[in-house]
Amino acid sequence: MHNTERTDAELAVAAAGGEERAFTELMRRYKEPLYRYVQRLMRGNEDAYDVLQEAFTAAWRSIDRYDPSRKFSTWIYHIALNKVRDHGRKRAVRSFFFQAAPLESPDRPDIADHSQNVQDDYEHRDELNRVSKMVDALPDKLRQAFTLQVLQDMPQSEVAEILSVSIKAVETRVYRARKILQEQVEKLD
């Protein structure tokens, strides 16, 4: 049987038994959607790929603790969420110490952000950037639930399991996120 014919749970069990190719197949299946999820949670931070690697490394190290009666996707997304949170805590500590030190030229103007797309010919891309920024500006709890359910198209039950909250909490967070986004879009019109 080829790896692509096996279920995620079967691959995880095989990986727990030492079959590295099985875990490689799981990584292939989840690399892109998990990367998009991590990148969204990190608001486009350039460290998203590193955090994704940390999530897969943690999953490999703990694959023997995976419960095959549960969805593998829920398990791996939960690990990724924890790695994003870890990264945020580490970054906050580093930021505190960096900001506490005096800069050589504190009067200098901020360097321009060249990552923004300002080309007039790409209205669609510009609109996507605006919407993406609106999503990024959502409070963490709302952004996490919205990203998983709406952008990753996961069922509420799986989102609830990943975030360790009730289904009702997911429903409320997604509703609040949509309401905030709708209000912001209406302000633009």
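In the predicted model, the salt-bridge count comes to 11. Three of the pairs are described here in turn, followed by a network and by a buried polar residue in helix α6.

E25 pairs with R28, and the closest N and O atoms of this salt bridge are 2.5 Å apart. Both residues belong to helix α2, which covers residues 20-41. They are separated by 3 residues, about one turn of the helix. The two partners differ in exposure: E25 has a relative accessibility of 7% and counts as buried, whereas R28, with a relative accessible area of 51%, is exposed. The value for R28 lies over the 50% cut-off, so the residue is classed as exposed. The E25 value is under 20%, and E25 is therefore classed as buried. The pair also takes part in a wider arrangement, a network of salt bridges in which D8, E25, R28 and R29 are linked.

A further salt bridge joins the side chains of K71 and E158, with an N to O distance of 3.0 Å. K71 is located in the loop between α3 (48-61) and α4 (72-100), while E158 is part of helix α7 (residues 156-163). Because the two residues are 87 residues apart in sequence, the pair ties together separate parts of the chain. K71 is partly exposed, at 49% relative accessibility. E158, in contrast, is buried, at 5% relative accessibility.

The side chains of D86 and K83 also meet in a salt bridge, here at 3.9 Å from N to O. This distance is within the 4 Å cut-off, so the pair is counted as a salt bridge. D86 and K83 both lie in helix α4, 3 residues apart, and the separation is about one helical turn. D86 has a relative accessibility of 24% and counts as partly exposed. That value falls between the limits of 20% and 50%, which means that D86 is classed neither as buried nor as exposed.

Helix α6 spans residues 140-151 and includes Q144. The relative accessible area of Q144 is 9%, and the residue is buried. With neighbours within four places in sequence left aside, the contacts of Q144 are L41, L81, R85 and L163. Of these, L41 falls within the range of helix α2 (residues 20-41), L81 and R85 within that of α4 (72-100), and L163 within that of helix α7 (residues 156-163).

Terms used
Residues numbered from 1 in each chain as written. Predicted model: local features only at pLDDT ≥ 70, side-chain atom pairs only at ≥ 80, totals over all residues. Heavy atoms only, no water. Helix = DSSP H or I, 4+ residues; strand = E, 2+ residues; numbered from the N terminus. Buried < 20%, exposed > 50% of the residue type's maximum accessible area, 1.4 Å probe, protein only. Contact = heavy atoms within 4.5 Å.
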